[in-house]
Amino acid sequence: MPLVNGGNIVDDSFVKLAVDTPVPAGGDILVPAERFLGEADGLLKRAGKVGVIWPNNRDIAELVPYLGKIAAIALVFPTFRDGRAYSQARLLRERYNYRGELRATGQVLRDQFVFMLRAGFDAFEVKKQADAEAFMQTAKRYSVFYQPTGDGRITALHRRMQLRHSEGVGT
Amino acid sequence: MYAYDEIDRTLVNERVSEFRDQVKRRLSGELTEDEFKILRLQNGVYLQLHAYMFRVAIPYGTLATNQMRALAHVARKYDRGYGHFTTRQNIQFNWIKLAELPDALEDLAKVGIHAMQTSGNNMRNVTSDQWAGVAPGEIEDPRIWSELIRQHTTLHPEFSFLPRKFKIAITASDHDRAAIKIHDIGLRLIKNEKGETGFEVLVGGGLGRTPFIAKTIKHFVHGRDILSYIEAILRVYNQYGRRDNIYKARIKILVHELGIEKFSREVEDEWQHIRNSSLQIDDEVIEDIRSRFTYPAYEKLPHMPDELRQAAADPDFEAWRKNSVAPHKVQGYSIVTISLKPTGGPPGDATAEQMDALADLADKYSFGEIRVGHEQNLALPHVAKRDLPALWKALDKLGLATPNVNLITDIIACPGLDYCSLANARSIPIAQELTRRFANHELANLIGRLHINISGCINACGHHHVGHIGILGVEKNGEEVYQITIGGRADENAALGTLIGPGVKFDEVADVVEDIVEAYLALRERPEELFMDTVKRLGVEPFKERVYATR
C-alpha cells in the first residue's frame, strides 16, 4: 500500500508493530494504542521514532500527555463511510496543537483526500496505486471552501469580505 | 432570491467535474459498486427498482424561473418528461442513465443548482418555510440563515461521513410550515430581549422506524454562534452516534439513549471550546448574504381590487381562492399555493410542460420566483391580488388549479413500491384512489382541513407518523398490509399519530379512510371543529369502533 507524504509517494520508514511482536532495537515504529499506553516510557526512550495507531472509537484526549514526544499518529478509517477519524484529526490539530505526522490509514481513496487534508492529515496510506499517483491533482480539485478548519485555507465567507473591502477602497 | 456569486459557482463546477471523474472510474471498473455507492449518494443518485433516481436540491424551497426551466429541461432530455417534488423541498427524477448524469448536473450547474448531499450520510439540503420572506408576522426572512447553513454544511470536511443522514429545518413564524420538530436539528428563529436574532435549537426529531418529536436543547443561541453550536452538536454526534446498526444511527437515538440533559451537556462542553473561533459570524457576513437575496419592488396596491371583486361571483374561482390563496405581508399581494395533487394523479408530480408554463406564469405574476413546500405543492410567493383571476384561469388550463390545498385530497405520499427498492407496499395508488373517493369538492370542503400522509415502508418518507391520518404500508406474508394512525401532526404542536387497530388490505384502505371521515363528521361538535381537534377531544376509540365494527 503506497504512502503519500508531503504530496509524494515515499518509502514508509515506520514498521507497524502488532500487540505482541518484539520491539526492534532501532528504527521507526508504529504501535497500537493499548500497547503504547502500557509501555510508553520504555518505547519513548529507545532510538528511532515512535508513532501510535489510534482506533476511531477511543477518546483522542488520552494521547494528549504524549503529543510532544511522538512522531506520528495513524488514525483509522475501517470503511470509508466511517468518518469518526475526521473529528479526531481536527481535535489533534486544532485543539491539542499536535504538529507531528498525522496519517490516514484503512480505506483511503482519492475521493477523501480533500476532506482529509482539510481535517489536518498530511500522510496517507492509500489503498490503490492509481489513487496515490493521482494525489497532487486530486488535492487541487477544489479551490473554494465554505468552512474554516485548522488548515488555514481561506473560506468563502472571508474571501467575500476581502472582496467587499477591496471594492470599498476605490469608492 | 439568492444569487450565486463566482465563489458559489466555482464550487458547484468543481463538484460536477469531480463527479464526472467518479462516474468515469465506475464505468471503467476502477471503482467497485460498493465504493461508488457512497460517492453517488453524496451526489443525490440512488439505484431504484427500475433505474437510477436522481434527487436535485432546492435549498429552502426557493426557485428562480430559469432554474425551474432547467429542471424541466432535465426532465425532458434525461428523463421521461416529468419530475417528482419531495417532502424535503427537493425534486427527483426517476429514469436517469448513469452515463448521462454528469451532463445533467452540468446543465443544472449553469443556473446554480446542484445535487450535493441530497442523499447519503451527510448534512442534507437545508429546508425552510415555503412562505419565508412573505408570510405576515414573520420575525425575519429565515432563508438568510438557511443559506448561511447551506454553505457551511456543503462538503464539510469533518461531517461528510456521519453515522446517518442529518436534516436541518428552519422556521421564523409562529406557525411552523417547515416541520422543524421532525428534523435532526430544528431551528426556530426568535429575538432575545435586546432584539437580537437567535434561535431556539431543537434536536433529535425524526420519523422512520423509531419516531421522535425533537426536544429543545437550548432556548436561545445567538445568531453569531449558530454555526459553532451546530458544529458542536455534529461533533458529538459524529463521535458517539451509533454505527453498529443503521436503524439506531440517527441522532434521535443518541439523544434518546443519553437523555437530552446529558446530551446537551456534551454539546455545551464541546461548544465552549469552539464558540469563540472563526466559526463566529459577524453582522457583516450576514449582511453580505442578505445583500445577495433580491426582493421584489412591490407596488402600492389596494387591499381589494376590482378584478378580485368581480371574480368572486364565479364559484369555481372562489373555491380555488379560498384554499389556495393566503395573505401576504404586503397589502395588495397574495401567496398562491399550486396544488400538485390532481384527482387521480401521483402526489407531487409535475410534467416538463407544467414546469415551463409555471416558470412563465411566475415571470408574469410572481416576480420570477417559485417556492416548493414540504407538502409536495408549489407556491407563487408574490402575486398581486388583481392578477389572481387571470392566474387562476392560466393554472386551470395547465391542470394546476385543483382546489384542494390543505383538504383531504392534498395527500403526501412517498414513491412506494412503484419506484422504490426499499418499499414494502404501494403508496401512489392508495393516494390516487383517495383523491377519486373525495373528488367531490363540496364534500372535501365540508370535511375541512385534513392531512393524509402515506409511506410505503417503515422509513417513513411519506411522513405517515405526523399525518392527521397516517397510512403505513408493510409486508405481511407476502401481502401488502396498511396500518392506519390518526392524530399525528407536523406543525408547532407536532405529535405522532396513534394506531387505530390491526392493519388492513390494499383494497380496504380507502373504505377505512371513508369510515374515519364519516365518524368524524358525525362526532364533531360543530363544523369548525377540525378533524385534529375532534381526535384530540375524543381519542382514537370512537374511530376505532367505527372502523372495526364491521370488519
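In the predicted model, chain B contains an open sheet of 5 strands, arranged in the order 3-14-15-12-11 with antiparallel pairing. The edges are occupied by strand 3 (62-64) and strand 11 (325-327) of chain B; each has a single partner strand, so one side of each is left without a neighbour in the sheet. From one strand to the next, the twist averages 30°. At one of these edges, strand 3 of chain B pairs with strand 14 (residues 369-372) of chain B in the antiparallel sense over 3 bridges. Within this pairing, Ile370(B) of strand 14 is the bridge partner of Leu63(B). Helix 13 (residues 388-397) of chain B packs on the sheet and touches strand 11, strand 12 (333-338) and strand 15 (378-384) of chain B. The direction of helix 13 of chain B makes about 15° with that of strand 12 of chain B.

A second sheet is found in chain A. This open sheet of 8 strands follows the order 2-1-8-7-6-5-4-3, and its pairing is mixed. Strand 2 (8-10) and strand 3 (14-16) of chain A form the edges, each with a single partner strand, so one side of each is left without a neighbour in the sheet. On average, neighbouring strands of this sheet are turned by 25° against each other, direction ignored. Strand 7 (residues 101-106) and strand 8 (residues 123-125) of chain A pair in the parallel sense over 2 bridges, and Ala123(A) of strand 8 is the bridge partner of Arg103(A). Two helices of chain A lie across strands of the chain. Helix 1 (residues 33-45) of chain A lies across strand 4 (28-32) and strand 5 (50-54), running at about 140° to strand 4 of chain A. Helix 2 (residues 84-95) of chain A lies across strand 5, strand 6 (72-77) and strand 7, and runs at about 160° to strand 6 of chain A.

Helix packing in chain B was examined next. Two packed helices are described by the angle between their axes and the distance between the axes. The axes of helix 1 and helix 4 (residues 101-109) of chain B come within 9 Å and cross at roughly 175°; these two helices of chain B are therefore roughly antiparallel to each other. Helix 1 of chain B contributes Val12(B), Asn13(B), Val16(B), Phe19(B), Arg20(B) and Val23(B) to the contact, and helix 4 of chain B contributes Leu101(B), Pro102(B), Leu105(B), Glu106(B) and Ala109(B). By class, the residues of this contact divide into 8 nonpolar, 1 polar and 2 charged.

The axes of helix 6 and helix 8 (residues 260-274) of chain B come within 8 Å and cross at roughly 125°, which makes helix 6 of chain B oblique to helix 8 of chain B. The crossing of these two helices is right-handed. On the side of helix 6 of chain B, the contact is made by Ser228(B), Tyr229(B), Glu231(B), Ala232(B), Ile233(B), Arg235(B) and Val236(B). Helix 8 of chain B supplies Glu266(B), Val267(B), Glu270(B), Trp271(B) and Ile274(B). The contact has 7 nonpolar, 1 polar and 4 charged residues.

For helix 14 (residues 428-437) and helix 16 (residues 509-523) of chain B, the axes come within 9 Å and cross at roughly 45°. Helix 14 and helix 16 of chain B are therefore oblique to each other, and helix 14 passes helix 16 in a right-handed crossing. Ile430(B), Glu433(B), Leu434(B) and Arg437(B) of helix 14 meet Val509(B), Ala510(B), Val513(B) and Glu514(B) of helix 16 in this contact. The contact comprises 5 nonpolar, no polar and 3 charged residues.

The domain assignment divides chain B into domain 1 (6-109), domain 2 (142-291), domain 3 (306-397) and domain 4 (412-548). Domain 1 and domain 4 of chain B have C-alpha centres 33 Å apart, and 6 residues of domain 1 are in contact with 7 residues of domain 4. The side of domain 1 of chain B that touches domain 4 contains 2 nonpolar, 4 polar and no charged residues.

Between the chains, the contact takes 31 residues from chain B and 29 residues from chain A. Helix 1 (6-27), helix 2 (33-41), helix 5 (142-153), helix 6 (226-240) and helix 9 (283-291) of chain B each supply at least two residues of the side that touches chain A. The largest share of this side, 6 residues, comes from helix 1 of chain B. By class, the side of chain B that touches chain A has 10 nonpolar, 12 polar and 9 charged residues.

Methods: Residues numbered from 1 in each chain as written. Chains lettered and ligands numbered in written order. Predicted model: local features only at pLDDT ≥ 70, side-chain atom pairs only at ≥ 80, totals over all residues. Axes fitted to C-alpha atoms, helices over the stretch in contact; angles between N-to-C directions. Helix = DSSP H or I, 4+ residues; strand = E, 2+ residues; numbered from the N terminus. Parallel < 35°, antiparallel > 145°, perpendicular 65-115°, else oblique. Left-handed = near helix turned anticlockwise from the far one by under 90°. Nonpolar A, V, L, I, M, F, W, Y, C, P; charged D, E, K, R; others polar. Domains from an automatic or database assignment. Pairing = 2+ DSSP bridges.
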